[in-house]
Structures are given as structure tokens and as C-alpha cells.
Amino acid sequence: MPKPGGDVGPLTLGIKSVSKTANQSVSAELSILANVTDNQARYRCEAHNSATEIPLLETKVLTVHFAPETAKIRIEPSELRPGIEATLICDSSSSNPPAKISWRHEGTLLEGSNNASKPGLWGGTVSSQELKLNVTKDMDGHAYICQNEPQFTPPAATSVTGVEGEPLTVALVATGNPASIAYTWTKDGQPIIQSGVPRIVSEGPILNITKLKRSDAAVYTCEAVNSQGSAMINITVQVKCK
């Protein structure tokens, strides 16, 4: 942060940080291990010295992504009889981004309705979805499953441009419950096949290309899968030739 005048003075923060001085300026670095309680947390940096009448201020609000911890089903009415319409309501606990809810019966995906959301804990969103059924006697003992499918946080851009011969990294974020998610990357719909030392390496939702070639220009698809479902996102990579 540029000094306001005179000698560089100490940088005062309410939280312990690491201060560095270089080129007539001073900076402070704060490292935190983020968790759900840090979502929407506001951090303020304040700098002053003996020449400062009004402290210099900068504020940042954190956005932390977290999956829903639970999903619960309510049934209305509570007592079911053949011939009536029943409403199953799935309530997902707070998450960021909002949970994507789906219904299944004996492995078949069912269409829900009346998606709703409201503010939840830690700055997240509580999501719900209904499933309406015409009750018959044959339904006795059948299981209906409410799922929180994995979903990708929308990236800043779905198209990235790199320079030929330079490295390129595509970093995505997916959340789901269960949080155990497997990732698969493909290039133009096909597995990424390489010979020799791999230049294109994927680590979960992160794709690293160590040295771009013109042939790397393509649409790369990342699929996230957990035990409850899957989600896909396409990223277009363009290569700028030297």
C-alpha cells in the first residue's frame, strides 16, 4: 500500500498479519483457513503513519462455497390414503451456492416443482422442492429419494485465452452432498490422450496445460460425479499464437 508521505510507518491491523516493506511502500499479508463461518465475512485493512490525518481503508467481503450438510423430507398430509394427492417436500440445509435438488424413485429421475429458497446460516441459502404424488395402494413401502446433486459454481468466464508456449490453468469449483466428488476431463468430447511426458494434467476440478500448443484450442468438459448425481461444465480454450 503506498505510503501517504514521510517515512514508512507501521501498518496497524486488528488481526495479526505479516508486514513487508519494499520500494517505499508497506504491505500486510493475512492468511486464514476459511470455513463456512467465513462466508460474507468482512475484512478491513487500515494503514496510517505520523503524516496521516485520516487512515487509509480497504474492505473485502469473502465468498466461501460450501455444500449442504443435510436433506430432509416432509410429507403433507402426514396420513396417506389411496385416492388423495400427497406432497413430499425436500428441505436442503444452508449451502453456497444454493443446492440443486432432484427426486428419484427406484432409480428413475422424477420431476419436482415449486422450487423455493430463503436465507440460511452463514450467508448461504436454504433450498426446497416439492414432489406431488397421486397415492395408490401399490405405493405402500416404496422409497422416494431426495438428492443434492453436485453443481459447479459459475466461473468468471467460460472461455479462456492463453499464449502459445506459455502455461494455462483452468480452475473450477463444484459442491455437493456427499462432498466426495470425482472429476473427469474431456477434450471436444473425447478422452485426453497424450504421448510422452503429459502436458495436460488434471487434478480434480483443476486443469493444467504446462506448455500451450495450437492444437490445444478446444472445448474442455469437466464432469463432477458423486453418489447422488452429476454435473457438467464446458470451458473453451483459445490459443493466441506468437
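**Exercise 1. Place Ser-127 in the fold and work out whether this residue is buried or exposed.**

Start with the secondary structure: strand β10, which runs over residues 125–134, holds Ser-127. This is a predicted model, so keep that in mind as you go.

Next, check the accessibility. The cut-off for buried is under 20% relative accessible area. Ser-127 comes in at 6%, so it counts as buried.

Now look at what surrounds the residue. Leaving out residues up to four places away in sequence, Ser-127 touches Cys-90, Asp-91 and Ser-92, then Pro-98, Ala-99 and Ile-101, and also Ala-116 and Ser-117.

**Exercise 2. Do the same for Ile-235, then find how far Ile-235 is from Thr-37 in space.**

Step one: Ile-235 sits in strand β20, residues 229–240.

Step two: its relative accessible area is 1%, and therefore Ile-235 is buried.

Step three: list the partners, again skipping residues up to four places away in sequence. Ile-235 touches Pro-155, Ala-157, Thr-158 and Val-160, plus Val-170 and Leu-172, and finally Ala-218, Val-219 and Tyr-220.

Step four: go for the distance. Ile-235 and Thr-37 are 198 residues apart in sequence, and their C-alpha atoms are 31 Å apart.

**Exercise 3. Find which residues the record lists as Ig-like, and describe the chain over residues 68–147.**

First, the record: an unreviewed UniProt entry gives "domain: Ig-like" for residues 68–147 and for residues 150–238.

Then take residues 68–147 from the model. That stretch is 59% strand and 0% helix, and its end C-alpha atoms are 11 Å apart.

Zoom out to the protein, and the count is 20 strands and zero helices.

**Exercise 4. Compare the radius of gyration of the protein with that of a compact globule of 242 residues.**

Begin with the reference: a compact globule of this length would have a radius of gyration near 18 Å, whereas the protein has 25 Å.

Follow up with the spans of the C-alpha trace along the principal axes, which are about 85 × 55 × 25 Å.

Then check burial: 31% of the 242 residues count as buried. As for the surface, the protein exposes about 15000 Å², with carbon and sulfur atoms supplying 52% of that area.

Contacts come next. Among those with a separation of 6 or more, 60% are between residues 24 or more positions apart.

**Exercise 5. How many positive and negative side chains are there, and how far apart are the centres of the two sets?**

Count the charges: 21 side chains are positive and 23 are negative. Take the centre of each set, and the two lie 7 Å apart.

Note on methods: Residues numbered from 1 in each chain as written. Predicted model: local features only at pLDDT ≥ 70, side-chain atom pairs only at ≥ 80, totals over all residues. Heavy atoms only, no water. Helix = DSSP H or I, 4+ residues; strand = E, 2+ residues; numbered from the N terminus. Rg over C-alpha atoms; globule rule 2.2 N^0.38 Å. Buried < 20%, exposed > 50% of the residue type's maximum accessible area, 1.4 Å probe, protein only. Contact = heavy atoms within 4.5 Å. Areas by Shrake-Rupley, 256 points an atom, 1.4 Å probe, with all protein chains shown as cover. Lys, Arg positive; Asp, Glu negative; His and termini not counted. Charge placed at Lys NZ, Arg CZ, Asp CG, Glu CD. UniProt positions renumbered as here; feature names shortened; annotations may be inferred.
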